[in-house]
Amino acid sequence: MNEQNYSQIMTLKLPSPLAPLKIGTRGSPLALAQANEAATRIINTFQLPIEAIEIVIVKVMGDVIQDRPLREIGGKGLFTREIEEDLLANKIDIAVHSMKDMPVEQPPGLILNTYLPREDVRDAFVSLDFNSISELPDGATIGTSSLRRKAQILNKRPDLNIVEFRGNVQTRLRKLSEGIANCTFLAMAGLKRLDLEDDHCHPIHSDEMLPAVAQGAIGIERRATDLNTAHLLEAVHDKATEQSIATERAFLAELDGSCATPIAGLAELNGTHLRLRGEILRPDGSDLLSDDTSGSISDGPKIGKEMAEKLLSLADPNFFKF
């Protein structure tokens, strides 16, 4: 922490049991684990009592409607809209989000510029009977609600059958045990945060399945005018995660990415340089366009934007159409 930040923190009005910092979150076990990770980092950084943080569960439409694909009911904003409304209404002080669920633009009056250290970015192959995609027999059934994963799998194995698999991590694992599908795919970050890794969970190298943009990252959103909270969050912010996420989200923004567009992207840092890999797919997996480039971390957003422009120039106008 530099001298300027230390000076700012020394003048902070810290949360207390009488005026706790209210953290808004979805109510799923994973969302609560992420909110508690943010709370623990703040508590430990400032040596606060546990009562100085209050977790506030906000019911969001994406969790209420489970019987339809996200693209049919509004896309990524369904996991954030109600939380952001409560933030703007001063019902909560900050909001904790899975970054891969976040739209690329925030509502006026809100800022998303704090990130916790990123977890494992990989996807996991989860099955009670098989250890990898290659072991699946012809015609096997895969359960997933992710258009990206569906397109990536069908690109490799068009023989496989895909069924809709909505719900939190525990719900999807239960559906797997009920025999609804032979396998499913989950984010390794979520499995680790919930301590649900076991012999049935097999990490997939990013060379085999490129993850979703911002997978494994937790973002903290606040009101733009709340400078006290801004200074408080500086102490738990992870710069490396910010740099990789800025690159990936610039790539996503230029593609106008949503839950209706199969897009994958991963920025990896090495010293002052980064490597960005990106790909776009037709929803049915019949075509995949990808790119792999490196450059300076300071040029990350520019690199992301230029990669998106390149891939779009190679795709026909109906590339993302169903």
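This is a dialogue on reading strands, salt bridges, surface charge and backbone angles in a predicted model.

Colleague: Let us begin with strand E5. Which way do the side chains of residues 123-126 point?

Modeller: Asp123 and Phe125 point one way from E5, while Ala124 and Val126 point the other way. All four residues are buried.

Colleague: Which strands pair with E5, and in what sense?

Modeller: Strand E8, residues 183-187, pairs with E5 in the antiparallel sense over four bridges. E9 also runs antiparallel to E5, and four bridges join these two strands. To place the pairings in the model, take one residue for each: Ala124 has Leu186 as its bridge partner in E8, and Val126 has Cys201 as its bridge partner in E9.

Colleague: Asp123 has a charged side chain. What does the side chain of Asp123 meet?

Modeller: The general idea is that side chains of opposite charge can pair when their charged atoms come close. In this structure, Asp123 forms a salt bridge with Arg149, with an N to O distance of 2.6 Å. This pair links distant parts of the chain, since Asp123 belongs to strand E5 and Arg149 to helix H6 (residues 147-156), 26 residues apart. Both Asp123 and Arg149 are buried.

Colleague: How many salt bridges does the whole structure hold?

Modeller: A search of the whole structure finds 22. Among them is the pair of Arg277 and Asp207, whose closest N and O atoms are 2.7 Å apart. Arg277 is in strand E12 (residues 273-281) and Asp207 is in the loop between E9 and strand E10 (218-223), so this salt bridge ties together parts that are 70 residues apart in sequence.

Colleague: Is Arg277 buried or exposed, and is Asp207 buried or exposed?

Modeller: Arg277 counts as buried because its relative accessibility is 8%, and the cut-off for buried is under 20%. Asp207 counts as exposed because its relative accessibility is 57%, where exposed means over 50%.

Colleague: Where would I look for another salt bridge between distant parts of the chain?

Modeller: Look at Asp316 and Arg282, where the closest N and O atoms are 2.3 Å apart. Asp316 lies in the segment after helix H11 (300-314), and Arg282 lies in the loop between E12 and strand E13 (288-296), 34 residues apart. Asp316 counts as partly exposed, at 32% relative accessibility.

Colleague: Which residues are joined into one network by salt bridges that share partners?

Modeller: The network consists of Asp207, Glu268, Arg275, Arg277 and Asp292.

Colleague: Now the surface. Which residues form a negative patch?

Modeller: Asp195, Glu197, Asp198 and Asp199 form a negative surface patch. To find the patch, start from Asp195, in the loop between helix H8 (188-193) and strand E9 (201-204). Asp195 counts as exposed because its relative accessibility is 68%.

Colleague: What is there to read in the backbone of Asp195?

Modeller: The phi angle of Asp195 is positive, about 55°, although this residue is not a glycine.

Colleague: Which residue has a phi near 70°, and where does that residue lie?

Modeller: Ala214 has that positive phi, and Ala214 too is a residue other than glycine. Ala214 lies in the loop between E9 and E10.

Colleague: Is Ala214 buried or exposed?

Modeller: Ala214 counts as buried because its relative accessibility is 1%, whereas Asp195 is exposed, with a relative accessible area of 68%.

Key:
Residues are numbered from 1 along each chain as its sequence is written. This is a predicted model: local features need pLDDT of at least 70, side-chain atom pairs count only at pLDDT 80 or more; totals for chains, interfaces and linings use all residues. Side-chain values use heavy atoms; hydrogens and water are left out. Patches are made of residues with over 30% relative accessible area and no salt bridge: like charges are joined within 9 Å, nonpolar side chains (Val, Leu, Ile, Met, Phe, Trp, Tyr) within 5 Å. Accessible areas come from the Shrake-Rupley method with a 1.4 Å probe; for residues, only the protein chains shown count as cover. A salt bridge is a side-chain nitrogen of Lys or Arg within 4 Å of a carboxyl oxygen of Asp or Glu. Lys and Arg count as positive and Asp and Glu as negative; His and the chain ends are not counted. The place of a charge is taken as NZ of Lys, CZ of Arg, CG of Asp or CD of Glu. Buried means under 20% relative accessible area, exposed over 50%, partly exposed in between (1.4 Å probe, protein chains only). Two strands pair if DSSP finds at least two bridges between them.
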